[in-house]
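Visitor: I am new to this structure, and I would like to learn how each label given to its parts is justified. Could you show it to me before we begin?

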Amino acid sequence: MYAQLCKRLSEEAPNFDPPDGPCTYNRLLLSKCQDEFERRRRASEAWDGADGATLTPEQYEERSAAKRKMVGNLRFIGELGKLEIIHESILHRCIQQLLEKRRRRPVVDLAEDLECLCQIMKTCGKVLDKPKAKPLMDQYFERMYQLSSSVELLARIRFMLQDVLDLRAANWVPRKVAQVDGPRTIRQVREEAAHDLGVYIPPPSSHGPPRSSGPMSPLAGVSSFFPPPGGNRTGMEDVFMGAVTLGTGPGVISSQPDKYGYDSNGYGSNVSGGGGYRPRQQQGNKHFNNQNFSRQQQNNQYNQQQNYSNIATKDLPPRFKKILSVSNTSGSGSSDGEVSLRPAPSSMMLKPKTPGILPQSALGTQQSNDHHHSNLPLAPQAQAPNQKPNPPHLHKDPPILIKQASTDKARDKKKDRGPSREEWLRRVKNVYEEFLKEQNLDEAVENYRCLKVPERFTAETVHATINYLLTLEEGNRELGAQLIEKLRSEGLVNVDRLFDGVKLVLGRLDDLVTDVPRVKSHMAGILGYLVGSGTLALADIAEPLEGGQHFPLFLLTLQTLHKLHGKMKLTQIFNDSKVNLLNLLPESDRTKEKLADLLEDRDLSFLFPLLRIQSDLWRALVSDPTPHTLYKYIKDTLDVEHHTAPGFINALMTVLVKYITQETTLASGCDPTVIPEKLVTEQEQELLAKFKPVLQAFLHDHLQLQVTAVYALQVFTYTHNFPKGMLLRWFVNLYDLEIIEEDAFLTWKEDLSQDYPGKGKALFQVNQWLTWLQETEEDDEEEEDAQ
């Protein structure tokens, strides 16, 4: 509920920030969430290692309160993520921090972080578990699976982790909550009987009315649980009243007997009862006072009351006899001492309530009718044997007054609701059409300002506007984009709602291809203008296009920016966005070689000056496979600033691994599904040692570059379907030759980046060796501390 309130406020709260940034409310909310998340870590570290037995009661209560607040805040952050108030990338960063295992910190101290992790996964795991994020989610759950089997963790935390693992395995469908069995109160028994049975039938008695010869009631078996008053009492007789019905009203089946002596339920005429259970709001006012009942329902009520009088009072519990003896003082009982269960004529059960909306004249009439009913005889007048008894004449309210009032109220409510969604869209479209005709930007802005479009409709108006612009000529599309940019700069269109509208267009872009064949080129022109003017960020545009969605729309947008602003401005915008262009390609084309070809075809190669470096290095290495020649080539052809670029390290490592394996373990005729012979693996190690100086020249004392080199090795083995034993063999050789340090291997293990494929399977192959490496390092640190 609080998250939904925040969603409403983010759409309707006033904005005090510049229009080009997020709205004030969202900025403050995100800042608060970040503060609470960081406070969680500080509080967790403050209580790390504290044993419950050593804490005072006040400290224990303080720790428990902090824990409850911490878990609640994480659930709230997850709910905000479900409503797209918090971006998915922020949720991923939260999960990664919760899974992070800091150096020299016992596993048991991760308990509170893991509890928060389980809470956020239960809340928004289904939202995050998308195809494009599957590699990342697989890494999360691989780590959670390992932790769930750790004996160092409390059993409660392990079960929490297992529950989350089961939840994902069940496609995020939670298990049904088991019903609680145990003792029930008398009230619960009554409610259950009323819900399931609708009526309780008292046990038959020799002094009571004869049983019907018709079909046996399905409720007849109930009476066996409640013996007659003369038998052994179980204490349950007082739970139900004899012949108690659910009354009359909508949903209650009539029990009026037909000509064969059975009612509509199939029961005999001596069995009174109601039909199936209905919600209370459908059963009339207290089951009897609904002024809109039909005449037939009033007859049914009267016949049920007649059936009450056929039941002997000795079949009732004693406390009901005492109650009914009071009502018998009015003279309505029979001469043999039996008490009639029929309500007195003056009872409110036979009088409908007067609606409070009736005029005074109708109220006066109602009061006179009530006075008339108070003079009715206590029993119906004698009638012919075959004639049905006439029910009491009840007042029927004039329906026209009530209907008129309801109609007026509905008309007023509709009038207060304001223009409909379609009306707002029509008005905004008129503003754009008038602008394209007159081309007066300031006048169009003022016309839009006068509309006062509610913010909740802004995204839909942007969606409809862009769809309209896509059908126009290039000049009109550019004018329309100018108006959108002007409205944003004037604060009339919130940037978040603008982006929501763009996402709506992208979500249905394929549906427009039939009407607009070049719709992607047209959309790229609009997006390019909005990004170039600073109205939208290039990273935001890339988000809904990941995984090759609407390819090549993003490349077309880059071409538009190149055309409008030139190389320098586009390079700056692209580098600032930190967009991974490989992730925007279709999966079949997600290689550097294919990306290089695409960029060259579209005259965008200047965005990746190192993209061709891998092919250039390969040609140089094959022409002269000596370390000295390769190092000299790099120094002569590559600027010094590129020597520490991750792209260059990736290319260098890939080229060397490819050359060494082609000469040894992956040479022509070798089977990658079997472990190579020892002689071949020794040749591989010797060749790697030969190029050790080249790698050390660029990797020494650069931990992050070493991690990049490990990732390059991972991707190479992934593209070759993980040749048997290769990854572990290279990890050992790189460590023994001191090319890659142990910290780089452990950092790679804990890193949750999804930019490189095959991480899960790679971890599976080298996890045991990494565990040994970590234990060895910890032992060395303890020895150093002891000295």
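Guide: Let us start with a definition: a disulfide is a pair of cysteine sulfur atoms within 2.5 Å. What you see is a predicted model, in which local features need pLDDT of at least 70 and side-chain atom pairs count only at pLDDT 80 or more, while totals for chains, interfaces and linings use all residues. Residues are numbered from 1 along each chain as its sequence is written, and side-chain values use heavy atoms, with hydrogens and water left out.

Visitor: Why is C116 too far from the closest cysteine sulfur for a bond?

Guide: The closest cysteine sulfur to that of C116 belongs to C118 and lies 9.3 Å away, which is too far for a bond because a disulfide needs the two sulfur atoms within 2.5 Å. The structure as a whole holds zero disulfides; C94, for its part, has the sulfur of C33 as its nearest, at 8.5 Å.

Visitor: What makes C94 and C116 buried or exposed?

Guide: The label rests on relative accessible area, found with a 1.4 Å probe on protein chains only: buried means under 20%, exposed over 50%, and partly exposed in between. C94 has 9% and is therefore buried, and C116, with 0%, is buried too.

Visitor: How do you know that the length of helix α27 agrees with its number of residues?

Guide: Helices are DSSP runs of H or I with at least four residues, numbered from the N terminus, and the expected span is 1.5 Å times one less than the number of residues. For the 17 residues of α27, residues 703-719, that gives 24 Å, and the end C-alpha atoms are 25 Å apart, which agrees.

Visitor: Why is α27 called largely enclosed?

Guide: Of its 17 residues 12 are buried, so the rest of the structure largely encloses α27; among the buried ones are L705, Y711 and F716.

Visitor: What makes R168 and D138 a salt bridge?

Guide: A salt bridge is a side-chain nitrogen of Lys or Arg within 4 Å of a carboxyl oxygen of Asp or Glu, and the side chains of R168 and D138 meet at 3.1 Å, N to O. Because R168 lies in helix α7 and D138 in helix α6, the pair ties together parts that are 30 residues apart in sequence. D138 is partly exposed, at 30%.

Visitor: Why are R449 and E446 separated by about one helical turn?

Guide: They are three residues apart in helix α14, residues 441-451, and therefore about one turn apart. Their side chains meet in a salt bridge at 3.5 Å, N to O.

Notes
Helices (H or I, at least four residues) and strands (E, at least two) are DSSP runs, numbered from the N terminus.
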